[in-house]
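Welcome, and please open your viewer. This tour suggests what to select at each stop and then describes what you will find there.

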Amino acid sequence: NPATSSAKTSLQAVLPLLETMPSNLPVVQPHLLRYLIGNPLNVAMVSVQNGLSPQETLQEFSNSLTSMLPLVSELGDIIQMGTLVWKLKLLKSGANYANSQLHAVQAEVLLLASGIANLPPSGEADRLFKTLKNSKLRYFRNRGDRLLMGDGFNLLTIIKGVSMYRRGRQRDFVNDFLPPTLSEFKKTFGEDFKLFNQLLSPVMLSTLKNGNIVRGLAGVPDKGPVLFVGYHQLLAMEVPALVEGFLREKKTILRAAAHQVFFVGNYEILRQELSLFDWFSAFGAVPVSPINTYKMFERNEFVLLYPGGVREALHRKGEAYKLFWPDQPEFVRMAARFGVTVVPFGCVGEDDFVEIVLDYNDQKNIPYLKDAIKSFNEDFKGLIRDTVKGDDGNQVLHLPAVLPKVPGRLYFLFGKPIEMKGMDNVLTDRKKANEVYLQIESEVENVVSYLKRKRKEDPYRSITRRALYHATQDPSTQVPTFEP
C-alpha cells in the first residue's frame, strides 16, 4: 500500500477532528484498527495449513480467529489516539515529500496493486504507473492488500516475468536467466495455456538421421548448441506449444530470440494481472541480437530463431506460409563458428484457427489507425529491419484484426539436423555461406508443404473428433494423427 495516497484516505480527512481528542484515548474503532493491523480475517488465514479438508480448514480458521480476539481487544489499550495521530502526521509529511520527487525517479519500479480490500484509493497504482518514467504495473484483482502474505503468490515469478531480475548493474538477458520452476510450469501450461493447448492439440514430428519421420522429438539432438530455424505463424501462436513440448519431452528450455518490443519500453495495459509477454521472459526468451545469440551458443543452449521475424508473424492477407527471410544470411556463419547443429522446422495450422479481416495494408489507409501505428513504431526505428527488398519486407508493428474459426490442429515437423561442425569454409566463403542458408530456407519450405499435404489425412484434424476421443480416453493420452 503506497503512502503516496495517504492524503486521499478517509483518515487523513478526519485528522483535524482526531487531533482534538485526548491522546490517551484507546483506539477501538474497527476501521481504525483495520487501518493499523490489516484485515483480521486475512491475518487469521495465514496460520491455516494447506491441504486440509474444507471441514478441517474451517475449524483451523475458527481456532485462529478465536485466539486473536483477546489480542484485538488489548490493542485498544496498546494503541492510543496519540499514537494514531502521530502516525497519520508522519504519513502526511512523507507522502507530500515523496509525491514532490516522483517525477525525478529514474530507477526501475515494479508496482504491484491489489483489487480487494485495498485501503488506498483504487486509482493510485494507475497514477504512479503514469508518473514514474520507468515503471511496470501488475494488478491482482482477486487478492487483498497483503499481497506477499497471500497463498500462491510468487514475487520472484513476477520479477522474472517483467524482465527485472538481474545479478549485476546491467541486465544480461542470457546469463541472468533463471529456469522456470515446476510450479511455474504447472501454472503456465496447466492453467493459463491449458485451454489454448487443448484447442491447438499440437502434433510434433521429427526426422531421424536415416530420414525417417517419427512422432515426437526423437530426431532432435539431445545436447546443444542447437539452432532451430523455422517459419513464424500468424501472431506467433505456435511458440507456447513449442516451449511446452520441449519441456515435457526433452526436458529442455527453448531460448527464443524475440523482438525487442517484448523487452523495451512500457507498452502494457493498465490493470492487467499478467502481461501477455510475461511468460516469454519467464521461459527464456531474449532480445534477438548477434551478441545474445553468441552468448547462447557459448552456453550450449537450444536457440529458437525466426529469420522472417515480425514480417511473418504479422503477415498480410493471402500470405499464410510464405517465408519473408532476409536477402543475406544472418546466422549461418555464427552457427559454423560454434559447430552448431541447425534444425530447420515448419509449422502449419494458423489458417484453421483465424482469418485476417483487417491487415496492415487496410489499417494504413484508416487515418486514426495509421497515426497510432506510426506513433508506436517511432520507438523502434533503430530496431526494425527490412527482411526483403521493397515495401513487402517492412516489419511494421501492428495488430491485425482477425476472426476465429472452428479450430483445426497445429502440426510441427523438425527436419533432418544439419551439422555445421567442420564447415570452416562457410566462415570465409560468402558464396558457400549463402548456399547453406538457401538450403535451410528450402528445407523449411519443404517441411511446410509436407505438413499442409499430410494434415488432410489426419482423422482427428477436426476439434469435434478430438473432443470425442478425449471423452472416451484418458485425458493424458495423445490424440492420434496421420501416419508420417
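Begin with the charged side chains of this predicted model: how many salt bridges does the count come to? The count comes to 20 salt bridges. Side chains of opposite charge can pair when their charged atoms come close. Three of these pairs make good stops.

**Stop 1: E108 and R171**

Select E108 and R171 and show their side chains, which meet in a salt bridge with an N to O distance of 2.6 Å. This pair links distant parts of the chain, 63 residues apart. E108 sits in the loop between α6 (81-101) and β1 (109-114), while R171 belongs to the loop between α8 (155-161) and α9 (182-192). Are the two partners buried or exposed? E108 is partly exposed, at 31% relative accessible area, and R171 also counts as partly exposed, at 26%.

**Stop 2: E244 and R248**

Next, go to helix α11, residues 239-249, and pick out R248 and E244. Their side chains form a salt bridge, 2.8 Å from N to O. The two residues are separated by about one helical turn, because they are 4 residues apart in this helix. Try colouring by accessibility here: R248 is partly exposed at 48%, whereas E244 is buried, with a relative accessible area of 6%. Keep E244 in mind, as the tour returns to this residue at the pocket.

**Stop 3: D351, R455 and their network**

Now select D351 and R455, a salt bridge whose closest N and O atoms are 2.7 Å apart. D351 lies in the loop between β9 (341-348) and β10 (354-358), and R455 in the loop between α19 (430-454) and α20 (463-472), so the pair ties together parts of the chain 104 residues apart in sequence. D351 is partly exposed at 25%, but R455 is buried at 5%.

Add D352 and R461 to your selection: salt bridges that share partners join D351, D352, R455 and R461 into one network. D352 is found in the loop between β9 and β10. Why does D352 count as buried? The relative accessible area of D352 is 14%, and buried means under 20%. To see what surrounds D352, leave aside its neighbours within four places in sequence and show its contacts: K405, V406, P407, G408, R409, R455 and R461.

**Stop 4: the second largest pocket**

Move on to the second largest pocket, with a volume of about 870 Å³. Which residues lie nearest its centre? Select N197, P202, E244, P475 and Q478, which lie nearest the centre among the 28 residues of the lining. E244 is the residue you met at Stop 2, where its side chain pairs with R248.

To place the pocket in the fold, colour α9, α10 (194-200), β3 (203-207), α11 and α20, the elements that give two or more residues to its lining. Colouring by residue class gives 11 nonpolar, 10 polar and 7 charged residues around this pocket.

**Stop 5: the cavities**

Finally, look inside the protein, where there are 3 cavities of 30 Å³ or more. The largest cavity has a volume of about 160 Å³. Its lining has 16 residues, and those closest to the centre are K160, F173, D176, F177 and S281. By class, the lining divides into 8 nonpolar, 3 polar and 5 charged residues.

The second largest cavity holds about 40 Å³ of space. Select V239, V243, L254, A256, W279, F280, F283, G284 and A285 to display its lining. Which elements each supply at least two of these residues? They are α11, β6 (254-258) and α12 (278-282). The lining of this second cavity has 8 nonpolar residues, 1 polar residue and no charged residues.

**Last view: the whole chain**

Zoom out and switch to a cartoon view, where you can trace 20 helices and 13 strands. Of the 484 residues in the chain, 45% count as buried. Among contacts between residues at least 6 apart in sequence, 81% join residues at least 24 apart. Turn on the surface to finish: the accessible surface comes to about 25100 Å², and 56% of this area belongs to carbon and sulfur atoms.

Note on methods:
Residues are numbered from 1 along each chain as its sequence is written. This is a predicted model: local features need pLDDT of at least 70, side-chain atom pairs count only at pLDDT 80 or more; totals for chains, interfaces and linings use all residues. Side-chain values use heavy atoms; hydrogens and water are left out. A salt bridge is a side-chain nitrogen of Lys or Arg within 4 Å of a carboxyl oxygen of Asp or Glu. Buried means under 20% relative accessible area, exposed over 50%, partly exposed in between (1.4 Å probe, protein chains only). On a 1 Å grid over the protein atoms alone, a cavity is a set of points where a 1.4 Å probe fits but cannot get out, and a pocket is an open set with protein on both sides within 12 Å along at least five of seven lines; lining residues have an atom within 4 Å of a point. Grid points are joined across faces, edges and corners, and a volume is the space filled by probe spheres set on the points. Ala, Val, Leu, Ile, Met, Phe, Trp, Tyr, Cys and Pro count as nonpolar, Asp, Glu, Lys and Arg as charged, and the others, Gly among them, as polar. Contact means heavy atoms within 4.5 Å. Accessible areas come from the Shrake-Rupley method with a 1.4 Å probe; for residues, only the protein chains shown count as cover.
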